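This briefing goes through a few local features of one structure, grouped by topic. Please keep the sequence and the coordinates at hand while reading.

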Amino acid sequence: MANPALTEDAVNTGAVAWVLTSAALVFLMTAGLGFFYGGLVRDTNVINTMMMSVASMAIVCLTWVVFGFSWAFGDNGGAAIGNIVGNFDYSLWMNLDMKMWGDSGLPGLCFAAFQMTFAIIASAIISGSLVERMRFSAYAIMLALWSLLIYAPLCHWVWGPGGWIAEMGALDFAGGTVVHISSGVSGLVAGAIVGPRRHVEKELGPANAPFVILGGSLLWFGWLGFNGGSALSVSDGVAARAVATTFVAAASSMLSWLMLERLLKGKSSSVGASVGAVAGLVCITPGAGFVTPGWSIAIGALGAVWCYVSVELVNKANLVDDTLDAFGLHGMGGIGGAILTGIFALDGGLIYTGNFELLAKQIAGAMAGVAFSAVGTAIIVVALRLVMKLRIPEEQEIEGVDQHTHGETYHSPVKKYPQTTSESSEDV
């Protein structure tokens, strides 16, 4: 795509302000994810868990600038490869500075920076299946490779010019397949290859429930930009609809999750409230701009049940140590959201047309995301295992990762302060 030169008349100032604000909101989500995940692990692994999210901000920022954006959104015209991956036209963000992004009313760098924040948080979500046992160096390399070889091509399939899932007619407003299915499934596969934790104390509960609440709240706050910003405009009402459905689905899912906990476990927990909200946010993501606020109540409630059952089944089966339920929430939530979009979408949804065509396309697109993410991630992780160690030593895993990997601890060491002159005289 030949991007025209940036001119004052071509810029939609309202859209630019909203998308740049949304980029900042989505970027904040990764910090929120760090708190969310960090609060759920043992107190000897909090720093390392949060660092896995923080590191993605730097690693994926650079991979996205160097090749990722170009592979995701490069236009190969009518060439067959254009259905699969982009090109090198925008490598190092060339041909974007002082250029417009097509006829969107957005500068090219505005669009590229907004999309970068999605790549960052998608990569960080994977850590939820790997924390408390994976070497930080191996994780960093895996993240860089995954963002280029899995995320970028899948993004092209769904959102890029000529992408085959988009051409098929499947809907993904803000990343149900691109972000959540890809990261959730990839985390599960990577976790299976790395192996389970040797030191599991689930009965002790999370190290810091307030961290989980803070992280969940930041995620909800940032998700308004995640979904709302994906409209890429403010003039047609779609951004407002996406923000509204995001609010409503998260609220519906949170209350549904709390009711499930109350019925099945006897108590409604603060962690459950945060997890329930995130489940609703994941499930509304693919349909945020395509469904009404009223139906988003149903999406949130059904999504909560779907994700709750998924998390319980994965944990009960105990075939893979999905440490922080990244697959149950994001992978299965993304699949559920894709299906629910096929049911409730205003244009082509099952309840409006009685036709299963859109629903079938939604399922096909979601399953393609599952297959590609699973196979591609398996190849990356197995290849890494052949050339480097993936796991930390057993004694470090048992003692805790923070001190051994980062030289820091969540709890500050006891400090000995020198006595003041008055205190010394009183002792005498």
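Are Trp101 and Phe111 buried or exposed? Both Trp101 and Phe111 are buried, and they belong to a set of ring pairs that is described below together with two helix packings and some single residues. The model is a predicted one.

**Aromatic pairs**

- The count of aromatic pairs comes to 27, and one of them joins Phe73 to Phe111 in an edge-to-face arrangement, with 5.1 Å from centre to centre and 80° between the planes.
- This pair links distant parts of the chain, since Phe73 lies in helix H2 (residues 46-73) and Phe111 in helix H3 (residues 108-125), 38 residues apart; both Phe73 and Phe111 are buried.
- Phe111 also pairs with Trp101, and because the ring centres are 4.8 Å apart and the planes stand at 15°, the pair of Trp101 and Phe111 is stacked.
- The partners in this stacked pair are ten residues apart, with Trp101 in the loop between H2 and H3 and Phe111 in helix H3.
- Ring pairs connect Trp64, Phe69, Phe73, Tyr90, Trp101, Phe111, Trp146 and Tyr151 into a cluster.

**Residues with positive phi in the loop between H2 and H3**

- Most residues other than glycine have a negative phi.
- Trp93, which is placed in the loop between H2 and H3, has a phi near 60°, a positive value in a residue other than glycine.
- With a relative accessibility of 17%, Trp93 falls under the 20% limit and therefore counts as buried.
- Met98 is found in the loop between H2 and H3 and has a positive phi near 60°, again in a residue other than glycine.
- The relative accessible area of Met98 is 58%, which is over the 50% limit, so Met98 counts as exposed.

**Packing of H1 and H2**

- The axes of helix H1 (residues 13-38) and H2 come within 8 Å and cross at roughly 165°, and H1 and H2 are therefore roughly antiparallel to each other.
- The crossing of H1 and H2 is right-handed, and in this contact Phe27, Thr30, Ala31, Leu33, Gly34, Phe35, Tyr37 and Gly38 of H1 meet Val46, Thr49, Met50, Ser53, Ser56 and Met57 of H2.
- Sorted by character, the residues of the contact of H1 with H2 comprise eight nonpolar, six polar and no charged.

**Packing of H8 and H9, with Ser253**

- Helix H8 (residues 238-265) packs against helix H9 (residues 270-284) at an angle of about 135°, with the axes 7 Å apart, and that angle makes H8 oblique to H9.
- H8 passes H9 in a right-handed crossing, and the residues making the contact include Thr245, Ala249, Ser253, Trp257 and Glu261 of H8 as well as Gly272, Val275, Gly276, Ala279, Gly280 and Ile284 of H9.
- The residues of the contact of H8 with H9 divide into eleven nonpolar, six polar and one charged.
- Ser253, found in helix H8, has a relative accessible area of 0% and is therefore buried.
- When neighbours within four places in sequence are left aside, Ser253 is in contact with Gly276, Ala279, Gly280, Gly300, Ala301 and Ala304; among these, Gly276, Ala279 and Gly280 also belong to the H9 side of the contact between H8 and H9.

Methods. Residues are numbered from 1 along each chain as its sequence is written. This is a predicted model: local features need pLDDT of at least 70, side-chain atom pairs count only at pLDDT 80 or more; totals for chains, interfaces and linings use all residues. Side-chain values use heavy atoms; hydrogens and water are left out. Axes are lines fitted to C-alpha atoms, for helices over the stretch in contact, and angles run from 0 to 180 degrees between N-to-C directions. Helices (H or I, at least four residues) and strands (E, at least two) are DSSP runs, numbered from the N terminus. Angles under 35 degrees count as roughly parallel, over 145 as roughly antiparallel, 65 to 115 as roughly perpendicular and the rest as oblique. A crossing is left-handed if the near helix is turned anticlockwise from the far one by less than a right angle, and right-handed if clockwise. Contact means heavy atoms within 4.5 Å. Ala, Val, Leu, Ile, Met, Phe, Trp, Tyr, Cys and Pro count as nonpolar, Asp, Glu, Lys and Arg as charged, and the others, Gly among them, as polar. Rings of Phe, Tyr and Trp (its six-membered ring) pair if their centres lie within 6.5 Å; planes under 30 degrees apart count as stacked, over 60 as edge-to-face and the rest as tilted. Buried means under 20% relative accessible area, exposed over 50%, partly exposed in between (1.4 Å probe, protein chains only).
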